[in-house]
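Welcome! Open the sequence and the structure side by side, and work through the exercises below at your own pace. Try each task before you read its solution.

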Amino acid sequence: QVRMVESGGGLVQAGGSLRLSCAASGSIFSINAMGWYRQAPGKQRELVAVITSGGSTTYADSVKGRFTISRDNAKNTVYLQMNSLKPEDTAVYYCNAIVQTIWGTEYRYWGQGTQVTVSS
């Protein structure tokens with residue numbers, strides 16, 4: 001069993017910053033890609049950013065230059081630094097990770113989601 005625990009969401013004014021964290025724990029052998037997705041009310045879940053085990057990153061066009069994804073492999077933790085936040089960034093943010101378990105299986109695990117609200 002693998003748990004993904006998120007933290008760091010909240011309410012911020014436009015132009016402000018937030019940092020999200022997501023720690024994976026449990027029966028982990030290794031973690032491949034880790035990423036952040038978000039879902040706004042009435043919209044589909046969308047990719048925000050992803051980082052590979054080697055540190056390569058990919059961002060949605062809407063957050064390029066404002067958000068930075070990083071990871072600490074020793075802590076099995078992924079971060080999302082969000083700067084210059086806009087009201088349209090308001091959503092529930094979910095982390096995920098592609099985990100190879102100690103039993104040799106590979107699954108994609110999701111966090112429980114954390115609310116980010118940006119006021120204008």
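This model is predicted. Let us begin at the surface with one residue.

**Exercise 1. Is Trp 103 buried or exposed, and where in the chain is it found?**

Step 1. Look up the relative accessibility of Trp 103, which is 61%.

Step 2. Compare this with the cut-off: exposed means over 50%. Trp 103 therefore counts as exposed.

Step 3. Place Trp 103 in the chain: this residue is in the loop that lies between strand S9 (91-101) and strand S10 (106-110).

Step 4. See which residues share its patch. Trp 103 forms a nonpolar surface patch with Phe 29 and Ile 102, and together they have about 420 Å² of accessible area.

For contrast, keep a general rule in mind: in soluble globular proteins, nonpolar side chains tend to be buried together.

**Exercise 2. Describe the hairpin of S9 and S10.**

Step 1. Find the direction: S9 and S10 run antiparallel, and five bridges join them.

Step 2. Pick out a facing pair. Asn 96 stands opposite Trp 110, a residue of S10.

Step 3. Inspect the turn. Four residues lie between the two strands, and Gly 104 in this hairpin takes a positive phi near 90°.

**Exercise 3. Which residues other than glycine have a positive phi here? Check Asn 76 and Ser 84.**

Step 1. Recall the background: most residues other than glycine have a negative phi.

Step 2. Take Asn 76. Its phi is positive, near 50°. Asn 76 sits in the loop between strand S7 (67-72) and strand S8 (77-82). With a relative accessible area of 24%, Asn 76 is partly exposed.

Step 3. Take Ser 84. This residue is not a glycine, yet its phi is positive, about 50°. Ser 84 belongs to the loop between S8 and S9, and its 42% relative accessibility makes Ser 84 partly exposed.

**Exercise 4. How many disulfides does the structure hold, and which cysteines are joined?**

Step 1. Start with the idea: a disulfide is a covalent bond between the sulfur atoms of two cysteines.

Step 2. Count: the structure holds one disulfide.

Step 3. Name the partners. Cys 22 is joined to Cys 95, with an S to S distance of 1.9 Å. The pair ties together parts that are 73 residues apart in sequence, because Cys 22 lies in strand S3 (residues 18-26) and Cys 95 in strand S9.

Step 4. Describe the geometry: the link of Cys 22 and Cys 95 is right-handed, with 40° about the S-S bond.

Step 5. Ask about the surroundings. Buried means under 20% relative accessible area. Cys 22 has 0% relative accessibility, so Cys 22 counts as buried. Cys 95 also has a relative accessible area of 0%, so Cys 95 is buried.

**Exercise 5. Which residues have the most contacts inside the largest nonpolar core?**

Step 1. Note that this core has 31 residues.

Step 2. Read off those with the most contacts inside the core: Trp 36, Leu 80, Met 82 and Tyr 93.

Step 3. Trace where the core comes from. Among the elements that give two or more residues are strand S1 (2-7), strand S4 (28-39), strand S5 (46-51) and strand S11 (114-119). S9 gives the most, with five residues.

**Exercise 6. Which residues do salt bridges with shared partners join into one network?**

Step 1. Remember the principle: side chains of opposite charge can pair when their charged atoms come close. A search of the whole structure finds four salt bridges.

Step 2. Begin at Arg 38. Arg 38 forms a salt bridge with Glu 46, where the closest N and O atoms are 2.7 Å apart. Arg 38 is buried at 7% relative accessible area, whereas Glu 46 is partly exposed at 37%.

Step 3. Follow Arg 38 to a second partner, Asp 89, with the closest N and O atoms 3.0 Å apart. This pair links distant parts of the chain, 51 residues apart: Arg 38 is in strand S4, and Asp 89 is in the loop between S8 and S9.

Step 4. Move on from Asp 89. Its side chain also meets that of Arg 66 in a salt bridge (2.7 Å, N to O). Arg 66 is in the loop between strand S6 (57-59) and S7, 23 residues from Asp 89. Both Asp 89 and Arg 66 are buried.

Step 5. Put the pieces together: Arg 38, Glu 46, Arg 66 and Asp 89 form one network through salt bridges that share partners.

Conventions: Residues numbered from 1 in each chain as written. Predicted model: local features only at pLDDT ≥ 70, side-chain atom pairs only at ≥ 80, totals over all residues. Heavy atoms only, no water. Patch = residues over 30% accessible without salt bridge, like charges linked within 9 Å, V, L, I, M, F, W, Y side chains within 5 Å. Areas by Shrake-Rupley, 256 points an atom, 1.4 Å probe, with all protein chains shown as cover. Buried < 20%, exposed > 50% of the residue type's maximum accessible area, 1.4 Å probe, protein only. Disulfide = S-S within 2.5 Å. Pairing = 2+ DSSP bridges. Core = buried A, V, L, I, M, F, W, Y, C linked by side-chain atoms within 4.5 Å.
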